[in-house]
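Welcome! Take a moment to look over the sequence and turn the structure around before reading on. The notes below are grouped by topic, so you can follow along at your own pace.

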Amino acid sequence: MNLPSFLWLWRIAAWSMGLSLLTYSLLGISGVWMRRSRRQAIPRPGWLQSLHLALGGLLVLLVLLLLTIGLVGTLGYYGSLGHSVHLVAGLTVVALVLLSAGSAMQIGAGRPWARSLHVGTNLVLFLGFLAVSLSGWSVVQKYLP
């Protein structure tokens with residue numbers, strides 16, 4: 001890919017990453033709220049679960065957008081992949097987000113393992129986002145003039 005500048009691509013990636021972190025934080029808040037309501041047997045707002053599911057879907061879309069940008073940008077700039085640990089960190093985050101979304105769709109009365117898998121995956125996802133953020137910062141420095 002012969003583009004004059006990849007700066008526009010990295011701007012989209014930066015916004016997407018920021019929105020991903022915000023969405024992840026909001027998912028954490030709404031998830032804790034739902035857990036607290038369930039454990040204390042207090043009613044929760046009817047919109048809370050729908051909001052949580054919508055935010056989860058948004059996070060999946062944002063992470064897949066980031067994956068696409070990373071692959072296109074790296075292939076366009078270098079012509080190949082695997083120039084840093086950022087690829088491994090990014091693929092790990094994508095896998096964790098997809099595992100989280102998949103396990104969320106299985107949560108129900110007959111599958112108590114699904115909620116544990118979902119919550120556990122999201123706790124590990126924090127470390128994944130930390131790793132991808134730190135490694136991404138060093139990658140972005142390569143592209144800036």
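Which helix gives the largest share of the positive patch? The answer is helix α1, residues 7-40, which supplies three residues of that patch. Please keep in mind that this is a predicted model.

**The overall picture**

- The chain has four helices and zero strands.
- If you start at the N terminus and walk along the chain, the elements run α-α-α-α.
- The C-alpha atoms fill a box of roughly 55 × 25 × 20 Å, taken along the principal axes.
- The chain has 145 residues, and 31% of them count as buried.

**The positive patch**

- R35, R38, R39, R44 and R115 form a positive patch on the surface.
- Among these, R115 sits in helix α4, which covers residues 112-143.
- R115 has a relative accessibility of 34%, so it counts as partly exposed; the range for that label lies between 20% and 50%.
- R39 can also serve as a landmark for distance: its C-alpha is 24 Å in space from that of L99, and the two are 60 residues apart in sequence.
- L99 belongs to helix α3, residues 86-104.
- With a relative accessible area of 38%, L99 is partly exposed.

**The nonpolar patch**

- Look next for L19, L22, L26 and I29, which make a nonpolar surface patch of about 360 Å².
- One of these residues, I29, is found in helix α1.
- Is I29 buried or exposed? I29 is exposed, because its relative accessible area is 56% and the exposed label starts over 50%.

**Aromatic pairs**

- How many aromatic pairs does a search of the whole structure find? The search finds two.
- One of them joins W33 and W47 in an edge-to-face arrangement, with 5.6 Å from centre to centre and 80° between the planes.
- W33 lies in helix α1 and W47 in helix α2 (residues 47-78), so this pair ties together parts that are 14 residues apart in sequence.
- W33 counts as partly exposed because its relative accessibility is 33%.
- W47 also counts as partly exposed, at 48% relative accessibility.

**The loop between α1 and α2**

- A41 is found in the loop between α1 and α2.
- What is the phi of A41? A41 has a positive phi of about 55°, although it is not a glycine.
- To put that in context, most residues other than glycine have a negative phi.
- A41 counts as exposed, because its relative accessibility is 68%.
- P45 is found in the loop between α1 and α2 too.
- P45 has a relative accessibility of 24%, so P45 counts as partly exposed.
- For one more distance to find on screen, try P45 and M34: they are eleven residues apart along the chain, and their C-alpha atoms are separated by 9.3 Å.

**A quick recap**

- Helix α1 has appeared under several headings: three residues of the positive patch come from it, I29 of the nonpolar patch is found in it, and W33 of the edge-to-face pair lies in it.
- The loop between α1 and α2 holds A41 and P45.

Note on methods:
Residues numbered from 1 in each chain as written. Predicted model: local features only at pLDDT ≥ 70, side-chain atom pairs only at ≥ 80, totals over all residues. Heavy atoms only, no water. Patch = residues over 30% accessible without salt bridge, like charges linked within 9 Å, V, L, I, M, F, W, Y side chains within 5 Å. Areas by Shrake-Rupley, 256 points an atom, 1.4 Å probe, with all protein chains shown as cover. Salt bridge = Lys/Arg side-chain N within 4 Å of Asp/Glu carboxyl O. Lys, Arg positive; Asp, Glu negative; His and termini not counted. Charge placed at Lys NZ, Arg CZ, Asp CG, Glu CD. Helix = DSSP H or I, 4+ residues; strand = E, 2+ residues; numbered from the N terminus. Buried < 20%, exposed > 50% of the residue type's maximum accessible area, 1.4 Å probe, protein only. Phe/Tyr/Trp six-rings, centres within 6.5 Å; stacked < 30°, edge-to-face > 60°.
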